[in-house]
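Work through the following exercises with the sequence and the coordinates at hand. Each task is followed by a solution that proceeds step by step.

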Amino acid sequence: MGDFVAGTKRMELGKILFLLACTSLTIAGVVGAPPTCPATDIGGECGDADDWKGEFFPGIPNIKYEGPSSKNPLAYKWYNAEEEILGKKMKDWLRFSVAFWHTFRGTGGDPFGGPTKFWPWEDGTNSLAMAKRRMRANFEFLKKLGVDRWCFHDRDIAPDGKTLEESNANLDEVVALAKELQGTEIRPLWGTAQLFVHPRYMHGAATSPEVGVYAYAAAQVKKAMEVTHYLGGENYVFWGGREGYQTLLNTDMGRELDHLARFLEAAVAYKKKIGFNGTLLIEPKPQEPTKHQYDWDVATTANFLQKYGLFGEFKINVECNHATLSGHSCHHELETARLHGLLGNIDANTGDPQIGWDTDQFLTDIGEATMVMLSVVRNGGLSPGGFNFDAKLRRESTDVEDLFIAHIGGMDTLARGLRNVAKLIEDGSLNDLVRKRYESFDSEFGAQVEAGKADFETLEKKAMEWGEPKVPSAKQELAEMIFQSAFSDGFSNQNQPLTLMFLEHHHCGDILIPHGIVVKFKCGYYFMH
């Protein structure tokens, strides 16, 4: 009897466990499975992947400017495309672009977890039909966002084939659709070839020790340049994610650098042969995925171009997150590129200071955006380059509307940076502070020094004549105060209390700083007016 009761209880427990297991599977099917059409259903209830009916983003309106007081997350607060700032429309200063790979191929996956994003239009395949569907979604997104430029890698927009010929045919088919969809108003800011995902590129592409890989990479770049030109692209980018090394023990660095230079020379020649008038851009990055990438930063890249006679053929695409990975600020890299005449484009993103890798976050720091725009305005703009949002949603952001909110936030941040720069320029205080720091070189003798007409003997004579120099304060805190004052809605004309230390200074004259305060340099001392 005891055995029968025990057996009955075991059967009941088994039924309960079975029901729980079925319930768990049902819940997993509802919660965990992506809302997609199965690959086997093409032509069935889900329809052909290239025959999507209706909008991709229903319920999302065309994004409009509503001003800083708006609380609408689907509206611009600071970016007003047609508004003129410093003599140009905002859209012409900023020239925004959407990155196809992050926006339409990003899954939210990371080394510790699988995908978290399952967009309604995805069918779970990487078919040619699915590639066309994504392209249609891309152009609807651009139009609703009010952006007329986009960027792509060849293998992001079209699937890799079994052969190079098949890959090229796939790309041609998708590009033909893109040409039709973009019309006359939209064009690529830039295109590029994906030379880092496929296993053939594990040692690099242009720097691979295998000549067959070198040739394959050249063929892929040739085709990517052709389609970029066909689509009216304004630039073409080289990002050498695997052009570097993991260890020098098995690497002939000199030979690899020579190979890279020959590869870029061939790209220049082919650009001219096909009549592509766009700018060729190199995008520096210090490491990841390689331990050391050859185009570590702007200065390294400029030196490489100079050494191999490529200066004048290329400009630089500065990515802000790459700048911080190389130990610089984005502002530093932009200024270095600008001063070398190499600033061509900006990949607008940022990293997390607590994380040591390339997180590709949307830029939302107003201070950083203002410094970025200082360089852009000093450069006279970026055209034919622009701002490409090489940025992705966080893993935990999974709603379709998050794609819009992220781009709106990034665009508003840079637009606000531009407005701040206009305030700083119109006010003039920061420029005056910098000018006064160097005004000793505006003297007759200072001009001789800057013209290279003062030798060491002459300089020694002056040093003995003048004696110990009086070194003034750099006024860094005052510069930071002026800079931060631009972040308000506007400079006030009302006097505001401000305390400054009275320090010895050798300058004479006035500096007007925000809030209607004049700092007078009375030939030796600051005092307030």
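The exercises below concern a predicted model, and they move from the whole chain to single residues.

**Exercise 1. The chain as a whole**

Determine how many helices and strands the secondary structure comes to, and what share of the residues counts as buried.

Solution. Begin with the secondary structure, which comes to 17 helices and 17 strands. Next take the accessibilities: of the 529 residues of the protein, 47% count as buried. Finally, turn to the contacts between residues at least 6 apart in sequence, of which 73% join residues at least 24 apart.

**Exercise 2. The nonpolar cores**

Identify which residues of the largest nonpolar core touch the most other members, and which helix gives the most to this core.

Solution. The largest nonpolar core has 115 residues, and within it W150, F387 and L414 touch the most other members. Helix α13, covering residues 400-427, gives the most to this core, with 12 residues. Apart from this core lies another one, of seven residues, which includes C151, L189, V237 and L281. For C151 the accessibility can be checked directly: its relative accessibility is 0%, and therefore C151 counts as buried.

**Exercise 3. The disulfide**

Find which cysteines form the disulfide, and establish where in the chain they sit.

Solution. The structure holds one disulfide, formed by C320 and C330, whose sulfur atoms are 2.2 Å apart. This pair links distant parts of the chain, with C320 in helix α10 (residues 320-325) and C330 in helix α11 (residues 330-339), 10 residues apart. The torsion about the S-S bond is -50°, and the link of C320 and C330 is left-handed. As to accessibility, both C320 and C330 are buried.

**Exercise 4. Strand β12 and its partners**

Decide whether strand β12 is largely enclosed or not, and work out which strands are joined to β12 by bridges.

Solution. Start with burial: five of the six residues of β12 (residues 314-319) are buried, and therefore the strand is largely enclosed by the rest of the structure. Then consider strand β10 (residues 279-282), which is joined to β12 by three bridges, the two running parallel; here L280 stands opposite F314 of β12. Strand β13 (residues 343-347) is also parallel to β12 and is joined to it by four bridges, and I316 has L343 in β13 as its bridge partner.

**Exercise 5. Helix α6 and the glycines beside it**

Test whether the end-to-end distance of helix α6 agrees or disagrees with the expected span, and then describe what covers its buried residues.

Solution. Helix α6 has 19 residues (164-182), which at 1.5 Å a residue should span 27 Å; since its end C-alpha atoms are 26 Å apart, the two values agree. The buried residues of α6 include L164, L171, V174, V175, L177 and L181, and also polar ones such as S167, N168 and N170. What covers the buried residues includes α4 (128-145), β6 (149-153), α5 (154-157), β7 and α7. Just after the helix, G183 takes a positive phi of about 60°. On the other side, G161 is placed in the loop between α5 and α6, where, not counting residues up to four places away in sequence, G161 touches E166, S167 and N170.

**Exercise 6. The surroundings of Q194**

Establish whether Q194 is buried or exposed, and which side chain makes a polar contact with the side chain of Q194.

Solution. First locate Q194, which is found in the loop between β7 (187-192) and α7 (211-230). The relative accessibility of Q194 is 14%, and because buried means under 20%, Q194 counts as buried. Its side chain makes a polar contact with the side chain of D156, at 3.3 Å. Leaving aside neighbours within four places in sequence, Q194 is in contact with H153, D154, R155, D156, Y201 and Q220.

**Exercise 7. Backbone geometry in the loops**

Locate the cis peptide bonds from E288 to P289 and between S383 and P384, and examine the positive phi values of E288 and D360.

Solution. The peptide bond from E288 to P289 is cis, with omega near 15°, and P289 lies in the loop between β10 and β11 (292-293). A cis peptide bond also joins S383 and P384, with omega about 10°. Although E288 is not a glycine, it has a positive phi of about 80°, and at 29% relative accessibility E288 counts as partly exposed. D360, likewise not a glycine, has a positive phi of about 50°; D360 lies in the loop between β13 and α12 and, at 8% relative accessibility, counts as buried.

Notes
Residues are numbered from 1 along each chain as its sequence is written. This is a predicted model: local features need pLDDT of at least 70, side-chain atom pairs count only at pLDDT 80 or more; totals for chains, interfaces and linings use all residues. Side-chain values use heavy atoms; hydrogens and water are left out. A disulfide is a pair of cysteine sulfur atoms within 2.5 Å. Buried means under 20% relative accessible area, exposed over 50%, partly exposed in between (1.4 Å probe, protein chains only). A nonpolar core is a set of buried Ala, Val, Leu, Ile, Met, Phe, Trp, Tyr and Cys residues joined through side-chain atoms within 4.5 Å. A polar contact is a pair of N or O atoms within 3.5 Å; within protein, one must be able to donate a hydrogen and the other to accept it, and residues adjacent in sequence count only if both atoms are side-chain atoms. Contact means heavy atoms within 4.5 Å. Two strands pair if DSSP finds at least two bridges between them. The expected span of a helix is 1.5 Å times one less than its number of residues.
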